[in-house]
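Good morning, colleagues. I would ask you to look at the sequence and the structure together while I speak.

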Amino acid sequence: MGQADMGGSTEPTEDERGFAGALSPTGSVLHRIFQPRVWEDGERNAVLNELFFEGPDWRPFLYRFATLIVLSTTIAALGLISNSAAVVIGAMLVAPLMTPILAVAAALVHGQLDRLWVSTAVLVGGTVAAIASGWVISRLAPGTLTATELTPELLGRTAPSLLDLGVAIAAGLAGGYVLTHPRAGSSLPGVAIAVALVPPLATVGIALELGATSAAQGALLLFTTNFVAIVLSAMTIMLVSGFVPSDRRLMVKGRLRVGFAVALLATLGVAVPLTWHTIDVVSYQGFTREVISAVRQWDPAGRIIELEADVGESRASVRLVVASSRTPVPAWRLAELLAQGSEIPVDVEVQYRLEQRDEATAD
């Protein structure tokens, strides 16, 4: 790779630090944590050489990247289908997607458009390859997996929430910190596990092959959330840590502001559907607690075996399998209890299993 086109390193001035802080509401806080330091050109170029591959390094990098994408997605897809968390974690360690994502962030803060397009192309190509690999593995894998019966590992990546956005932001901060503090490089595998980039893409491919379009959309939203949050967080760390030299920062001030604004708007954009889903999850959990409480009043001897609930704006429905040692209690009484608590009509379906206890002693 060619050397970065930057000037010599100097100690950031107060104005420049203020500029970095103005780019983000968290800038001033981060500045206190990630103190800027003087970077030698050799140090900076060594870090950038880990992200950008040019000249004779380009083709070997592309071969390695493509190979690891296919292998990591294959491992992730098999783990997701077999519902093995350990296998999925192994796939996260093999996945190479953190490199192009951090490269996008580095290109943005340095205002290097050529490197930005190349890194974006690599990331898009890797994303498509990962989805395709997940589709193929789902097609070839034996089993009875269907669109309506996904494994818990798959389902866990189809309904992202604001918690996932928080994890992605923290992972982006950690990734940027590790990048700008080479001695912390051993922590990068932990960052890769925390943010989980490949499993959502494998889930997209599997869900598409099964015809579970809604699940595929949710998994793609999770990956997009991870991507934009990592880019925004990593950019912030790179700026406040002094990784971008002062003369370069002033030279590309306009591009830098535009890039940061786009990353911020993209993060806010994914936060909207995540917020709505989080509200739905909180509503569902609250309604589920009401159902459990109502069942205790309805039949103190009853034991819930299965519970399925659906909460809408104007109506709710509950399907229960209840085991009890008492004579079945009419379902309409439970429906009334639930309607009083939720203030909307509730449809209740109960399967009642009568439990009987029989003891005997023989000499």
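Before we turn to the sheet, one definition is needed: two strands are taken to pair if DSSP finds at least two bridges between them. Please also bear in mind that this is a predicted model.

Let me begin with the strands. Three of them form an open sheet in the order 1-2-3, with mixed pairing. Strand 1, residues 303-311, and strand 3 are at the edges; each has a single partner strand, so one side of each lacks a neighbour in the sheet. From one strand to the next, the twist averages 10 degrees.

How many bridges join strand 2 to strand 3? There are nine, and the two strands run parallel, strand 2 covering residues 316-324. Within this region, alanine 323 stands opposite arginine 353, a residue of strand 3.

Which helix packs on the sheet and touches strand 2 and strand 3? That is helix 15, residues 331-342, whose direction makes about 140 degrees with that of strand 3. Helix 14 lies across strand 1, strand 2 and strand 3, and runs at about 140 degrees to strand 1.

I now move to the aromatic residues. A search of the whole structure finds four aromatic pairs. In one of these, phenylalanine 53 and phenylalanine 61 are stacked, at 4.3 Å centre to centre with 5 degrees between the planes. Both of these phenylalanines, 53 and 61, are buried. Another pair is formed by tryptophan 298 and tyrosine 352: the ring centres are 5.8 Å apart and the planes stand at 85 degrees, so this pair is edge-to-face. It links distant parts of the chain, with tryptophan 298 in helix 14 (residues 253-298) and tyrosine 352 in strand 3 (residues 346-354), 54 residues apart. Tryptophan 298 has a relative accessible area of 6%; the cut-off for buried is under 20%, and therefore this residue counts as buried.

Ring pairs also join Phe53, Trp58, Phe61 and Phe65 into a cluster. Separately, arginine 115 lies over the face of phenylalanine 52, 4.7 Å from the ring centre.

Finally, the interior. The largest nonpolar core has 64 residues, and those with the most contacts inside it are Leu97, Leu197, Val231, Met235 and Met238. Helix 12, residues 213-240, supplies the largest share of this core, eleven residues. A second, separate core of 16 residues includes Val329, Leu338, Ile344 and Val346. As for methionine 238, its contacts beyond four places in sequence include Leu102, Leu179 and Phe243.

Key: Residues numbered from 1 in each chain as written. Predicted model: local features only at pLDDT ≥ 70, side-chain atom pairs only at ≥ 80, totals over all residues. Heavy atoms only, no water. Phe/Tyr/Trp six-rings, centres within 6.5 Å; stacked < 30°, edge-to-face > 60°. Buried < 20%, exposed > 50% of the residue type's maximum accessible area, 1.4 Å probe, protein only. Helix = DSSP H or I, 4+ residues; strand = E, 2+ residues; numbered from the N terminus. Lys NZ or Arg CZ within 6 Å of the ring centre and 35° of its normal. Axes fitted to C-alpha atoms, helices over the stretch in contact; angles between N-to-C directions. Contact = heavy atoms within 4.5 Å. Core = buried A, V, L, I, M, F, W, Y, C linked by side-chain atoms within 4.5 Å.
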